[in-house]
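Student: Please take me through this structure, and give a reason for each term you use.

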Amino acid sequence: MSQVTAIIGLGNPGAEYDATRHNAGFWLVDAIARSAHTELRPEKKFLGLYAKARVGDHELHLLNPTTFMNRSGAAVAALAQFFKLTPDNLLVAHDELDLPPGQARYKTGGGHGGHNGLRDIISALGNQKQFHRVRIGIGHPGEARQVVNYVLGRPGKAEREAIESALDECLATLPLALSGDWAKAMNRLHSVK
């Protein structure tokens, strides 16, 4: 299995979306950049904010696309083509309705589960689904018709703190995942309640 060499956060660009639940993927990539003492900067050729970072012994490409969520695939494909990355070199961080705030899960492959960012990436990668994901729980509003307003809404204080603690756990387990020890990384991350 190849190593993860790029971590892509999913979200929407612009100040009005910064603090919304749909941007949880951006929050994780921002946290990785901060912990690696690097700064994401605009990079036109990758349609996003990009940085090189070192996490433990691993050199990583970090990318937060500045396309809207449903066009994330163009940025991911541009990065993958430029650095000749395969889907299993990619770890995509995204918000997850099916997990409560405070939980996060690693997953490899699978469908898009109705997530427009994942749907566009799968399509842009030529229908290849075998990239890694880190699903960051944001909870579910309870009704399908409320989902759009919910994901584009801001979490309350307690909810945001729960999401932040899940992001801390993602950071703590990242070296294991990057070393290819997915079982151990999943075990540790998935046992956090």
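Tutor: What follows is a set of questions and answers on a predicted model.

Student: How do you know that the strands form one open sheet, and in what order do they come?

Tutor: The order is β2-β3-β4-β1-β5-β7-β6, which makes 7 strands in an open sheet with mixed pairing. Two strands pair if at least two bridges are found between them. Strands β3 and β4 are joined by 8 bridges and run antiparallel. Strands β1 and β4 are joined by 3 bridges and run parallel. Another parallel pair is β5 with β7, joined by 6 bridges. Each of these counts reaches the cut-off of at least two bridges, so each of them is a pairing.

Student: What makes β2 and β6 edge strands?

Tutor: Strand β2 (41-43) and strand β6 (104-108) each pair on one side only. From one strand to the next, the twist of the sheet averages 30°.

Student: Which residues stand opposite each other in these pairs?

Tutor: I7 is opposite L62 in β4. Y50 has L63 of β4 as its bridge partner. D95 is partnered by I136 in β7.

Student: Why is strand β4 called largely enclosed?

Tutor: A residue is buried when its relative accessible area is under 20%. In β4 (residues 58-65), 7 of the 8 residues are buried, so the rest of the structure largely encloses this strand.

Student: What lies between β3 and β4 in their hairpin?

Tutor: There are 2 residues between the two strands, and G56 in the turn has a positive phi of about 60°.

Student: Which residues have a positive phi although they are not glycines?

Tutor: H37 is one of them, with a phi of about 55°. This residue lies in the loop between α1 (24-35) and β2. K84 also has a positive phi of about 55°, and its place is the loop between α2 and β5.

Student: Are H37 and K84 buried or exposed, and how do you know?

Tutor: Exposed means over 50% relative accessible area. H37 has 76%, so it is exposed. K84 has 71% relative accessibility, so it counts as exposed too.

Student: Which helices lie on the sheet?

Tutor: Helix α2 (residues 72-83) lies across β1, β3, β4 and β5, at about 150° to β4. Helix α5 (residues 157-178) packs on the sheet and touches β1, β3, β4, β5, β6 and β7. The direction of α5 makes about 40° with that of β6.

Student: Why is L176 called partly exposed?

Tutor: Buried ends at 20% and exposed begins over 50%, with partly exposed in between. L176 has 25% relative accessibility, so it falls in the middle class. L176 is in helix α5. Leaving out residues up to four places away in sequence, L176 touches D181, W182, K184 and A185. The C-alpha atoms of L176 and R188 are 9.6 Å apart, with their positions 12 residues apart in sequence.

Student: What lines the largest pocket?

Tutor: The largest pocket has a volume of about 520 Å³. There are 25 lining residues, and those closest to the centre are H22, L97, G114, H115 and N116. At least two residues each come from β5, α3 (116-124), β7 and α4 (147-151).

Student: How do the lining residues divide by type?

Tutor: The lining has 8 nonpolar, 11 polar and 6 charged residues. Gly counts as polar in this division, so G114, one of the residues closest to the centre, is in the polar group.

How values were computed:
Residues numbered from 1 in each chain as written. Predicted model: local features only at pLDDT ≥ 70, side-chain atom pairs only at ≥ 80, totals over all residues. Heavy atoms only, no water. Buried < 20%, exposed > 50% of the residue type's maximum accessible area, 1.4 Å probe, protein only. Helix = DSSP H or I, 4+ residues; strand = E, 2+ residues; numbered from the N terminus. Axes fitted to C-alpha atoms, helices over the stretch in contact; angles between N-to-C directions. Contact = heavy atoms within 4.5 Å. 1 Å grid on protein atoms, 1.4 Å probe; cavity = no way out; pocket = protein on both sides within 12 Å on 5 of 7 lines; lining within 4 Å. Points joined across faces, edges and corners; volume = space filled by probe spheres on them.
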